[in-house]
Amino acid sequence: MFRTRQTAARPSRGFASELEAAALNNQCSNALGLTRPVIDPAALNLHTTASGGLARSLCLLARSAWIEAARPRSLPRSRQDESEVTCRLARAWRPGGFGSRAAAGSVQHYPMLVLETALEHILAVVPPPEAERVLVKNAHRRILASDAIAALDLPAFDNSSMDGYAVRSADLAGAGAESPVALEITGAVAAGCAFAGEIQRGQCVRVLTGSPVPPGADAVVMQENTRLAAGDRECVLFLTAAEPGENVRQRGEDIRAGTRVLAAGHEVGAGTLGVLAALGFREVAVARRPRVALLATGSELREAGEVLSPGQIYESNRAALAALLVEAGAVVRVWPLVPDTVEATRAALEKGFIDCDVVVTSGGVSVGEFDFVRAAFEDMGGRLEFWKVAIKPGKPFVFGCWEEKLLFGLPGNPVSALVTGMLLVRPAVRRWQGARALGLPVHPGILAETVVNHGDRRHFMRVRLDEAGQVYSAGAQASHRLSPMVTANALLDVPPDTTWTAGTPVHVLQWRD
Ligand code: AMP
Ligand code: MG
């Protein structure tokens with residue numbers, strides 16, 4: 001059985017006073033540009049008590065209220081509306097409430113976002129993809145930036161699917177092993193050649209797999225169903241009849257000229273490359289890959305090969321995250337280690353944003369005295385979008401924008417960094433390229449052992465989905481325990497306060513190990 005550490009039950013945070021509720025409600029309305037309070041205080045209080053989080057309740061209720069107020073009754077609520085409101089709210093949220101600019105570094109009022117809300121928020125600010133042209137041979141794993149339209153039919157001409165003889169099927173009516181029919185061989189067409197002329201009654205043409213079927217012929221009889229006439233090299237005996245179209249691959253039966261074979265957003269794999277090449281494409285338009293600066297913060301970190309002094313450790317997040325990001329399609333630039341000072345962190349962030357489209361940091365996003373990523377980012381004029389996500393591992397997670405560029409501040413614990421990288425950074429990198437599939441692929445499985453989450457956050461447990469569909473714990477579930485990541489190939493999303501017994505059907509998020 002594998003379980004999360006039990007956290008002490010926290011009292012639900014309701015309002016200190018009616019006044020506080022009204023004030024927050026007003027700030028919330030202002031942040032959304034509305035003239036009157038959007039939330040019914042009674043509903044808010046109720047919701048807050050039920051869900052155990054003031055900030056979360058405000059976000060959820062304000063979101064619904066704003067959407068209700070802003071859209072005509074007749075229109076359905078769209079995801080676009082929802083993410084817009086979530087973004088506005090999170091942007092406006094500062095310590096002290098919506099819209100106020102209290103000192104950064106204070107922790108009390110940052111809303112802990114639901115994972116899906118955080119992700120929507122991120123995806124809503126990812127800029128649209130930019131196209132660039134690459135040779136088809138270099139397009140593997142790239143995301144198409146425009147549709148691919150076939151300029152020709154595939155096959156381009158009727159051709160034989162067998163080594164044999166092209167015939168007029170009518171000539172072989174009644175042919176059989178006991179009653180062979182003889183036809184005159186009037187020529188041969190090798191693959192890559194064409195037959196000049198037309199087959200007449202009583203004639204056949206020798207063809208090989210891929211040879212164009214000569215005009216006049218409507219079928220191919222495979223060689224195994226024929227016999228050469230003894231002593232007559234000009235004739236062949238047919239031991240079977242032939243249906244019209246038999247063993248003929250029809251022009252355009254695979255792809256018709258003018259059809260859209262691939263849609264923008266398609267990820268180019270081996271099969272796609274074959275299709276593009278067969279259709280004669282030399283180049284394709286693909287989305288530019290985002291350049292990602294990968295920083296690790298922490299004065300305790302050392303590079304491989306260095307001798308460790310007491311208290312120091314080898315840095316490991318950049319290697320793991322680089323692999324994850326490269327697989328998601330990013331061009332990764334690994335930065336030198338960043339010591340824990342505001343100045344060094346700010347300098348590294350600034351350089352990262354100048355050189356790259358996205359900066360991913362690890363460490364320094366929690367509440368300790370040496371956690372400087374948020375402060376340094378805000379110091380350089382970055383816009384903090386949100387800071388906490390209600391998942392385990394990975395609660396402290398910074399997301400911000402600097403002009404059009406994005407900051408992902410991942411927690412330093414190696415497993416937290418990887419899990420948040422998979423759940424929140426990978427989809428953004430994929431959206432940046434216009435990919436359709438953003439998240440890790442979901443696979444069904446059956447729990448091989450009981451799973452317990454006593455915590456108050458969703459726990460993304462590291463598990464292994466085996467070939468038989470059984471799901472096992474990958475080992476210890478603490479966020480500093482890296483070794484289970486060797487066994488793990490999937491995450492299991494276990495809700496708070498949940499016990500799932502062995503045999504429960506589940507879905508896991510799988511990554512390529
Ligand atoms: P932090 O998020 O900076 O508080 O770090 C949390 C834990 O993760 C600490 O034990 C750090 O030493 C460790 N840690 C932070 N960054 C890295 C890294 N890049 N590689 C390995 N361990 C790290
Ligand atoms: Mg640190």
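**Exercise 1. Contacts of ligand 1**

How far is a nitrogen atom of ligand 1 from an N or O atom in the side chain of Ser362? Then describe the surroundings of the ligand.

Solution. The structure is a predicted model, in which local features need pLDDT of at least 70 and side-chain atom pairs count only at pLDDT 80 or more, while totals for chains, interfaces and linings use all residues. Residues are numbered from 1 along each chain as its sequence is written, chains are lettered from A and ligands numbered from 1 in the order in which they are written, and side-chain values use heavy atoms, with hydrogens and water left out.

Step 1. The distance to the side chain of Ser362 is 3.5 Å. Two contacts go to the backbone: a nitrogen atom of ligand 1 lies 3.0 Å from a polar backbone atom of Ser316, and an oxygen atom of ligand 1 lies 2.9 Å from a polar backbone atom of Gly412.

Step 2. On its own, ligand 1 has 480 Å² of accessible area, and the protein covers 74% of this (Shrake-Rupley method, 1.4 Å probe).

Step 3. The ligand is surrounded by 14 residues, and the closest are Glu300, Glu315, Ser316, Gly364 and Gly412 (a residue is near if one of its heavy atoms lies within 4 Å). By class, the shell has three nonpolar, eight polar and three charged residues. Here Ala, Val, Leu, Ile, Met, Phe, Trp, Tyr, Cys and Pro count as nonpolar, Asp, Glu, Lys and Arg as charged, and the others, Gly among them, as polar.

**Exercise 2. Two open sheets**

Give the strand order and the edge strands of the six-stranded sheet, then those of the seven-stranded sheet.

Solution. Strands are DSSP runs (E, at least two residues) and helices likewise (H or I, at least four), numbered from the N terminus. Two strands pair if DSSP finds at least two bridges between them.

Step 1. The order of the six strands is S11-S8-S10-S9-S13-S12, and the pairing is mixed. At the edges are S11 (219–222) and S12 (226–228), each paired on one side only.

Step 2. Within this sheet, S9 (residues 181–189) and S13 (residues 235–238) are antiparallel and share four bridges. Leu183 has Val236 in S13 as its bridge partner.

Step 3. The open sheet of seven strands runs S4-S22-S24-S25-S21-S17-S20, again with mixed pairing. Its edge strands are S4 (112–113) and S20 (331–334), each of which pairs on one side only.

Step 4. S22 (residues 383–389) and S24 (residues 396–402) run antiparallel, joined by four bridges. The partner of Arg383 in S24 is Cys401.

**Exercise 3. An aromatic pair**

Which class of aromatic pair do Phe353 and Phe377 form?

Solution.

Step 1. Rings of Phe, Tyr and Trp (its six-membered ring) pair if their centres lie within 6.5 Å; planes under 30 degrees apart count as stacked, over 60 as edge-to-face and the rest as tilted. The whole structure has seven aromatic pairs.

Step 2. For Phe353 and Phe377, the centres are 6.0 Å apart and the planes differ by 35°, so the pair is tilted.

Step 3. Phe353 belongs to helix H8 (residues 342–355) and Phe377 to helix H9 (residues 373–379), 24 residues apart, so that the pair links distant parts of the chain.

**Exercise 4. Backbone geometry in loops**

Locate the cis peptide bonds at Pro155 and Pro393, and the positive phi of Arg141.

Solution.

Step 1. Leu154 and Pro155 are joined by a cis peptide bond with omega of about -10°. Pro155 is in the loop between S6 (148–149) and S7 (159–160).

Step 2. The bond from Lys392 to Pro393 is also cis, with omega near -5°. Pro393 sits in the loop between S23 (391–392) and S24.

Step 3. Arg141, a residue other than glycine, has a positive phi near 70°. Its place is the loop between S5 (131–135) and S6.

Notes:
Polar contact = N/O pair within 3.5 Å; in protein donor to acceptor, adjacent residues only side chain to side chain.
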